[in-house]
Amino acid sequence: MAANFQNYILQTGTALHETDDSFTFALGNWNSNGRPDLFIIKKSNTGTGSTEVSILSGDSNYQHYLLQTGTALHQTDHSFEFAVADWNKDGWQDLVIIKKSNTGTGSTEVSVLSGATNFRQYLLQTGTPLHQTDGNFSFAVADWTGDGRPDLFVIKKNDTGTGSTEVSILSGSSNYQEYLLQTGTALHQTDDSFNFAVADWNNDGWPDLIIVKKNNTGTGSTEVSVLSGATNFQHYLLQTGTPQHVTDHNYAFLASNWGGRGDCDLAVIKKNNTGTKSTEISFMR
């Protein structure tokens, strides 16, 4: 049975101090043990003068580091988004870098840093058919076509032609040069109170769109909805409140399988103002 996000399966402080908007996060299995590790991307004010990557071990409930390193990428800002995926199918999680604006190509650009080199060498640096973007766009990576190459999901929240939140998918096998899908969805236009993730929620082989509404909700909680990838995001699989109170920009949300049973769990990251004085992580199933 797919997770309905009604129960916490982990709530913990971590080895990472409290953080701010210069940090972003991703989940991936760095050490091939089946449990998602926490990738911490520090964009600026770094000791190495580069964008830095640290990885906290899921096996240790995020109490121990697996890696702390500078990368080949200069320090970055709000015009960059990041994701983690095995881009070249070598068994290592790579760092996918989306540069939304102020690009040399005049487009949204995608680069990939090799996990096998601890993010010291590029596997890809390219412009895309997508124009430059801003805070109205969110990004995620998942394998839409089943070819083993992560595709880029582009979520446009508002000011859309369809009057809905729109999803486009750029093909990883084309080095993000060709669209696989461009569509409106069953979700109305959205704003910064929404976060998005992509994962196969119901194990049907299609990546679904996971929608997190953080505040101004009817249930008085952080709400989660899931739009079916099998219907090109036209039908809901789930719409629910959760045990998580309403949240704000101090929280980040990620989808991953914590328990090793094929479930799609929701990770809640609280960056600061925490009881443990650390960055905290919880998982809901």
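Colleague: Why does S10 count as an edge strand in the open sheet S10-S11-S12-S13?

Modeller: In this predicted model, the sheet has 4 strands in that order, with antiparallel pairing. A strand here is a DSSP run of E with at least two residues, numbered from the N terminus, and two strands pair if DSSP finds at least two bridges between them. Strand S10 (137–142) and strand S13 (179–188) each have a single partner strand, so one side of each is left without a neighbour in the sheet.

Colleague: How do you know that S11 and S12 pair?

Modeller: Strand S11 (residues 151–156) and strand S12 (residues 164–170) are joined by 5 bridges in the antiparallel sense, and the rule asks for at least two. Within this pair, Phe153 stands opposite Ile169 in S12.

Colleague: And what should I keep in mind about numbering and confidence?

Modeller: Residues are numbered from 1 along each chain as its sequence is written. Local features of this predicted model need pLDDT of at least 70 and side-chain atom pairs count only at pLDDT 80 or more, while totals for chains, interfaces and linings use all residues, and side-chain values use heavy atoms, with hydrogens and water left out.

Colleague: Good to know! Why is Trp87 called buried or exposed?

Modeller: Buried means under 20% relative accessible area, exposed over 50%, and partly exposed in between (1.4 Å probe, protein chains only). Trp87 has 7% relative accessibility, so it counts as buried. Its place is in the loop between S6 and strand S7 (94–99).

Colleague: What does Trp87 touch, beyond residues up to four places away in sequence?

Modeller: A contact means heavy atoms within 4.5 Å. By that rule Trp87 touches several residues, including Val112, Leu124, Arg149, Pro150 and Tyr176. Val112 itself stands opposite Leu124 in S9.

Colleague: What makes the Trp87 and Tyr176 pair a polar contact?

Modeller: The term needs a pair of N or O atoms within 3.5 Å; within protein, one must be able to donate a hydrogen and the other to accept it, and residues adjacent in sequence count only if both atoms are side-chain atoms. The side chains of Trp87 and Tyr176 are joined at 3.1 Å.

Colleague: Last one: how do you know whether the radius of gyration agrees with a compact globule?

Modeller: The radius is taken over C-alpha atoms, and the globule rule is 2.2 Å times the number of residues to the power 0.38. For 285 residues that rule puts a compact globule near 19 Å, and the protein chain has 18 Å, so the two agree. The secondary structure comes to 0 helices and 20 strands.
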